[in-house]
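User: I would like to go through this model step by step, with each answer argued from the coordinates. Please take the strands, the helices and the cores in turn.

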Amino acid sequence: MKKVLSLILAAVLLAAVLSGCAATERRGTEVAVKYMGNNIRVAATSVATAEILDALGYNNVVGVPKVVTSPLPERYRNVTNLGSPMIPNSEVLVSVKPDLVLSPISLHEQLQKQYDSLHLPCYFLDLESPDGMYRSIEDLGTILGREKQAEKLCSGYQNWKDSLQSRHKKGRAPRVLILMGLPGDYMACTDHSYVGSLVKLLGGKNLYTSSKSDFVQVNPEDMLKKNPDIILRTSHAMPEQTRQMFDKEFRENAIWKHFDAVKAGRVYDLPHDLFGMSAKLNYREAVRYLEPLLYPGN
């Protein structure tokens with residue numbers, strides 16, 4: 001991950017040098033660019049990246065994604081629509097003449113070739129966890145000359161995180177199974193996924209771990225052996241259809257009645273607007289939702 005980010009930022013660094021901008025050195029490696037002033041034209045291809053730019057108070061945004069569920073920040077409501085976050089419209093993207101394109105790291109393999117073919121400098125934000133998101137915010141603060149704003153956001157997050165984790169240092173960690181579903185199929189979320197990172201922040205023990213993959217294919221028999229205290233169900237898309245799929249699976253597959261979590265009624269469908277696939281600035285609201293589920297009675 002760090003190698004990928006370094007390569008991406010190296011491309012941004014080259015673009016900055018060609019534009020007469022000065023490089024900065026941080027964390028021991030040249031990984032970011034200091035642009036003089038706030039005149040860099042930025043295209044944000046996801047709602048999460050637009051929300052981060054808004055939190056940094058950045059105005060010169062020339063492209064934003066087409067939105068279906070989550071609204072864009074007010075200051076970007078009249079900015080050019082770039083189309084789907086998964087596949088931005090290349091013609092429109094080129095037409096807005098961005099100096100920098102921002103996208104989530106989860107779409108790196110899908111979008112890097114597109115940006116390269118268009119000769120557009122890009123930076124992929126790590127939105128797989130709140131920690132990763134704030135590292136990216138710190139980078140963007142440097143890239144866009146918004147260091148003070150980024151420092152304030154990062155400091156606020158660290159203070160909140162310390163307070164949260166101090167509440168759950170003692171006692172047995174709840175054993176959590178997280179399922180991510182689409183109509184007709186589901187997988188287990190690892191601690192590398194966004195929802196997994198929130199469970200980890202709360203001191204929960206995710207039953208499936210990975211250093212690389214957000215999701216793993218496992219069968220209910222293996223899940224039963226791990227005996228979760230709580231089962232969380234979330235959706236990649238189509239949340240209502242996915243909830244119906246989960247209800248049918250848990251009703252018709254007899255193995256689920258043997259889970260202690262099912263017997264205890266500790267199976268929960270998480271709201272899609274709070275528990276999507278990528279970290280967003282509403283993570284605190286998501287944690288407030290999760291905390292009483294993991295620690296009932298506290």
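User: How many bridges join β8 to strand β10, and do they run parallel or antiparallel?

Analyst: The model is a predicted one, and in it strand β10 covers residues 215–216. One of the residue pairs is A188 with its bridge partner V216 in β10. Taken together, β8 and β10 are joined in the antiparallel sense, and the number of bridges is 2.

User: Which strand forms a hairpin with β8?

Analyst: Strand β8, residues 185–189, pairs over 4 bridges in the antiparallel sense with a strand that spans residues 175–182. Within this pairing, L182 has D185 of β8 as its bridge partner. There are 2 residues between the two strands of the hairpin, and G184 in the turn has a positive phi of about 100 degrees. The strand that forms the hairpin with β8 is β7.

User: Why is one side of β4 and of β6 left without a neighbour in the open sheet of 4 strands?

Analyst: The strands of this open sheet pair in parallel and follow the order β4-β3-β5-β6. In that order β4 (61–63) and β6 (122–125) stand at the edges, so one side of each has no neighbour in the sheet, and the reason is that each has a single partner strand. Neighbouring strands here are turned against each other, direction ignored, by an average of 35 degrees.

User: Which residue of β6 is the bridge partner of V101?

Analyst: Strand β5, residues 100–104, runs parallel to β6 and is joined to it by 4 bridges. For V101, the bridge partner in β6 is C122.

User: At about what angle to β6 does helix α5 run?

Analyst: Helix α5 is made up of residues 130–143 and lies across both β5 and β6. Among its residues is M133. Relative to β6, the helix runs at about 155 degrees.

User: Is M133 buried or exposed?

Analyst: Leaving out residues up to four places away in sequence, M133 touches I52, D126, L127, A279, K280, L281 and Y283. C154, which is 21 residues away in sequence, lies 9.6 Å from M133, C-alpha to C-alpha. The threshold for burial is under 20% relative accessible area. Because M133 has a relative accessible area of 0%, this residue is buried.

User: At roughly what angle do the axes of helix α7 and α11 cross?

Analyst: Helix α7 consists of residues 194–201, and its axis comes within 10 Å of the axis of α11. The contact is made by Y194, L198 and V199 of α7, together with Y283, A286, V287, L290 and L294 of α11. The crossing is right-handed, and its angle is roughly 60 degrees.

User: Which helix gives the most residues to the largest nonpolar core?

Analyst: This core has 54 residues, and those with the most contacts inside it are L53, L198, L232, L290 and L294. Leaving aside neighbours within four places in sequence, L198 is in contact with P130, F275, Y283, A286, V287 and L290. Apart from this core lies another of 16 residues, L179, A188, I231 and A261 among them. To the largest core, the most is given, with 6 residues, by the helix spanning residues 283–294, which is α11.

User: What percentage of the residues in the protein chain is buried?

Analyst: The chain contains 11 helices and 12 strands, and about 14700 Å² of it is exposed, with carbon and sulfur atoms supplying 51% of that area. Among contacts with a separation of 6 or more, 60% are between residues 24 or more positions apart. Of the 298 residues in the chain, the buried part is 50%.

Conventions
Residues are numbered from 1 along each chain as its sequence is written. This is a predicted model: local features need pLDDT of at least 70, side-chain atom pairs count only at pLDDT 80 or more; totals for chains, interfaces and linings use all residues. Side-chain values use heavy atoms; hydrogens and water are left out. Two strands pair if DSSP finds at least two bridges between them. Axes are lines fitted to C-alpha atoms, for helices over the stretch in contact, and angles run from 0 to 180 degrees between N-to-C directions. Contact means heavy atoms within 4.5 Å. A nonpolar core is a set of buried Ala, Val, Leu, Ile, Met, Phe, Trp, Tyr and Cys residues joined through side-chain atoms within 4.5 Å. Buried means under 20% relative accessible area, exposed over 50%, partly exposed in between (1.4 Å probe, protein chains only). Accessible areas come from the Shrake-Rupley method with a 1.4 Å probe; for residues, only the protein chains shown count as cover. A crossing is left-handed if the near helix is turned anticlockwise from the far one by less than a right angle, and right-handed if clockwise.
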